[in-house]
Amino acid sequence: MYTFIALVVLFGVFLLYLRTQALPVAYIPQTSQILDVNGKLIDQYYSGQNRKMVKLNEISPYLIQATLAIEDHRFFDHVGFDVKGVARAVAANLQSREKTQGASTITQQLARNLFLTHEKTWSRKMKEAVYSIQLEMQYSKEEILEMYLNQVYYGHAAYGIEAAAQMYFHKSAQELSLAESALLAGVPKGPKYYSPYMDEENALQRQATILSKMVQHGYITDEERQSALQDTLTFQPLASSSQPSEAPYFRDYVKRVAIQEIGIPEKRYEEGGMVIYTTLDLQAQHAAEEIVQRYLGEREDLQGALVAIDPRNGHIRAMVGGKNYEENQFNRVLSQNRQPGSSFKPFVYLTALQQPGFSPATTFKSEPTAFPYDEGRQIYRPRNFADKYPNTAVDLRYALAHSDNIYAVHTIMETGPNQVIETARNLGIHSPLQPLPSLALGTSPVSPLEMASAFGVMANQGVRAEPLAIWRIEDANGQVLYEAQPEPVRVVEAAYTYVLTYLMEGIFDSGGTGSRVAHLLKRPVAAKTGTTDSDAWMVGYTPELSTAVWVGYDQGRNISSVESTLAAPIFAEFTEKVLEAIPPKLFPVPKQVVHVYVDAETGLLATPDCPHTRLEAFVRGTEPSEYCLAHVQEATEQEDAPPPVEEETHSSWWEDVKRWWND
C-alpha cells in the first residue's frame, strides 16, 4: 500500500516537473509563396518540404474523422500515449526479439516528428512518451490535432494536409470530399505504398479500409461509405521538381530585394511560410516572354531584355532578363554595362527645355562639326549615322525623329553635361555617368530597369515613383512583415515633360527612326530608339506603361544591321498586346502648355503663305512671337505671274465617252 502511494506521489512530482519544463524548440519549415498582382502563383520555395499551415477549422471534417479512425480513434480519451497500445508493442517486441514498433498515438507521432528521429530504439520511445505527456499538458487536443495535420508527411515533398490536398486534388483541405479524405488519410502510413502516384490499387484498398473504420467508429453511415467507394477520384498530374517557375528572372530579383533591401533572412524567406505579394502581372509577363522568344529564340547567342513599369506607381509589370533562363541566369534587365546610345538623348533635351532660350523651335546646323571641350584641350567629332547630314539648320523635332547626333552634342554643349547628369539622377539613373560631350550620345552604360523607370517619369508628367517589385510580405500567420510605402516625388514640371513627349511621338512619323513599326501601334506612344555598334534599344511609354527593350550580345560583339532593328518590333508588339483591352489615351496636356502652328522651315509662327506648317507644343512663354515672312514674297510673285497657258490636248473617243458618262 505504501509503495503504491509512494509511486503515485513520485509520478505526480514527475508530472509537475514536466509541466515546468519547456519542450525542445521545433523548427517546422513551411513553403513560401510568391504571388503576382492578381494573386496568381509565380513560384514557391519547397526547400525539401512543401508545407502550408492551416487552422483546424480550415480542414474538412471528413479528413479529421478519417485520420482519427485509422490512426488514433481513442485520441480524445488518452493522455498522450495509449497504455494498451504500448503493451501490445512490448509484447510484439518480446515475441519477435526485435525492436519493432507498435502503433503510436497521434500525440506520439507529433512528438517524434517535431523533436526526435525515426530510429527504432527504446530510448527514443521513452523520450517520445515524455514529450507526448508534455504536449498534452501544454496544448489542447484540438491544438495537437491541428499541429499533427500540418506536420504529417503525405509523400512527394508534401508536408501537411493543405499541401497534400493541393498536390493530389488541386483544392484546399477544407474542400476535400469523403472519398478524397479517406484516401489521403491512408497515405502517411507509407507514402511509397499508398500514394496513388506510386500504386493506385494499394491506395484505393487502404481507402476502403479507412471508410470501414469510419463506419465502425460511428463517423459515417454504411450508405455514405458505399457512396464514397463509388466516387471517381481525379488526381492532378504530379509536377516535376525540375519544372521551370514562372517569371524566373523576376523571381530572383524579388528574392534579392527581400533579402538585401527589406532585410528578410534567406532561410526565413524560403522556409518561413511567407507570402510575398508582388507587382508583376503574369499576363503581361507571358506576353513579354513569348514576343522576346519569337524574335530572338532562333538567333544563336543573341540576347535580349525587356522590363515594363507602370509609371503611375512604379510597379514592375513584366521582366525578361534573357531569352532562356535555364541556359543563363544572368538578368540583363539589371545589367549596368550596356550603352543606351541615342535612347539617352531625351534626358539631354529635357534638361535643355528647362533652360532659358531653348524650345522645340531652337535650331542648330547639322553638319560635320568639331566640338572643343576641357578648356579647349580636347576635340570631339561626332558623326551622324551613315555620315548623313542635312547640312542645314534643323530643329528639335527633326533631331529627335531622325536621331541627329550633331544636334544632340550642340545641345549638351550649350546646356552642360553636369546639368544633364543632374536631370538623369532626378529621373532615376544611378549608373556612373561621365560629364563628356559624348554623354549626349549615350556612351555611359545604364541598365534597362533604370531606362524604363526614368522614361516613366516623363510618362507620369514629371512625378517619379521608385520601381517597385514587392508591395507586401506576410508571415505564415498572416501578420504583415513588410508593406511598401511609396512616396512619389515631383522632379520635373509637367509642362516640360509634355513638350518632350509631344516631340517623341514624332519618331513614328514618316522618316522617323520608329516609322517601320508605326503600323503596329494603335495608340499614342512616345519613344526613342538607340543603336550602338553592339546594342539596340527602344525605350518608350504610354500614360499607363513604360517599357525598355535591349537587344545585343553578352560578349559585346557587334550586332548586324538586321539585329539592330529587332528592339523596335518587340517594344511595339508588347505594348499593344499588354494594353489591347485598354482604350487608347492621349497624354494629358498641362495648363502651362500652348499649341501653335509654326512654319516647318523657320520655326516661326505660321502665316497663310507658309506652304509647310505643323502644330507644335511649347511651354507657355517660350513659343515664337514673330510671324514667318519668308514665304510672303513667294506668294506675291505667284500672284503677279501671268496665268499658265493651257495646252490643247487631244483625248481619245473612249475618254470622251467616260467623261460623258461621269458627267
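The exercises below work through rings, charges, strands, a helix and cysteines in a predicted model.

**Exercise 1. Classify an aromatic pair**

Task: Determine which geometry the rings of F347 and F455 adopt, and which helices they come from.

Solution.
- Start with the general point: a ring pair is described by the distance of the centres and the angle of the planes.
- Take the total next. The model has 16 aromatic pairs.
- For F347 and F455, the ring centres are 5.7 Å apart and the planes stand at 80 degrees. Planes over 60 degrees apart count as edge-to-face, so this pair is edge-to-face.
- Locate the residues. F347 belongs to helix α15 (residues 345-353), and F455 to helix α19 (residues 448-459). The pair therefore ties together parts that are 108 residues apart in sequence.
- Check the burial. Both F347 and F455 are buried.
- Widen the view. F347 and F455 belong to one aromatic cluster with F344, Y541 and F587.

**Exercise 2. Repeat with a second pair**

Task: Classify the pair F364 and Y407, then state whether each residue is buried or exposed.

Solution.
- The ring centres of F364 and Y407 are 5.1 Å apart. Their planes are at 70 degrees, so the pair is edge-to-face.
- F364 sits in strand β8 (residues 363-365) and Y407 in helix α17 (residues 405-415). The two are 43 residues apart, and the pair links distant parts of the chain.
- Apply the burial cut-off, under 20% relative accessible area. F364 has 14%, so F364 is buried. Y407 has 1%, so Y407 is buried.

**Exercise 3. Find charges over rings**

Task: Identify the ring under the charged end of K141 and the ring under that of R206.

Solution.
- K141 places its charged end over the ring of F75, 4.5 Å from the ring centre.
- R206 places its charged end over the ring of Y194, 5.0 Å from the ring centre.

**Exercise 4. Assemble a sheet**

Task: Work out the strand order of the open sheet that holds β13, and name its edge strands.

Solution.
- Begin at β13 (residues 470-474). Of its 5 residues, 4 are buried, so the strand is mostly covered.
- Go to one neighbour. Strand β5 (residues 275-278) pairs with β13 in the antiparallel sense over 4 bridges. V275 has E474 of β13 as its bridge partner.
- Go to the other neighbour. Strand β14 (residues 480-483) pairs with β13, also antiparallel, over 3 bridges. Here E474 has V480 of β14 as its bridge partner.
- Inspect the connection. The hairpin of β13 and β14 has 5 residues between the strands, and G478 takes a positive phi near 85 degrees.
- Add the far end. Strand β1 (residues 32-35) and β2 pair in the antiparallel sense over 4 bridges. The bridge partner of I34 in β2 is D43.
- Write the order. The open sheet has 5 strands, β2-β1-β5-β13-β14, with mixed pairing. β2 (41-45) and β14 are the edge strands, and each pairs on one side only. From one strand to the next, the twist averages 15 degrees.
- Place the helix. Helix α12 (residues 248-262) lies across β1, β2, β5, β13 and β14. α12 runs at about 70 degrees to β13.

**Exercise 5. Examine an enclosed helix**

Task: Explain why helix α7 counts as largely enclosed, and find what its buried residues pack against.

Solution.
- Count the buried positions. In α7 (residues 161-169), 8 of the 9 residues are buried, so the helix is largely enclosed by the rest of the structure.
- Name them. They are I161, E162, A163, A164, A165, M167, Y168 and F169.
- List the packing partners. The buried residues of α7 pack against β3 (50-51), α2 (61-71), α6 (141-151), β4 (158-159) and α8 (178-186).
- Step past the end of the helix. H170 follows α7 and has a positive phi, near 55 degrees.

**Exercise 6. Test a cysteine pair**

Task: Decide how many disulfides the model has, and why C610 and C628 form no bond.

Solution.
- Set the cut-off. A disulfide needs two cysteine sulfur atoms within 2.5 Å.
- Compare the distance. The cysteine sulfur closest to that of C610 is in C628, 3.7 Å away, which is too far for a bond.
- State the total. The model has 0 disulfides.
- Check the burial of each. C610, at 9% relative accessibility, counts as buried. C628 has a relative accessible area of 1%, so C628 is buried.

Methods. Residues numbered from 1 in each chain as written. Predicted model: local features only at pLDDT ≥ 70, side-chain atom pairs only at ≥ 80, totals over all residues. Heavy atoms only, no water. Phe/Tyr/Trp six-rings, centres within 6.5 Å; stacked < 30°, edge-to-face > 60°. Buried < 20%, exposed > 50% of the residue type's maximum accessible area, 1.4 Å probe, protein only. Lys NZ or Arg CZ within 6 Å of the ring centre and 35° of its normal. Pairing = 2+ DSSP bridges. Axes fitted to C-alpha atoms, helices over the stretch in contact; angles between N-to-C directions. Contact = heavy atoms within 4.5 Å.
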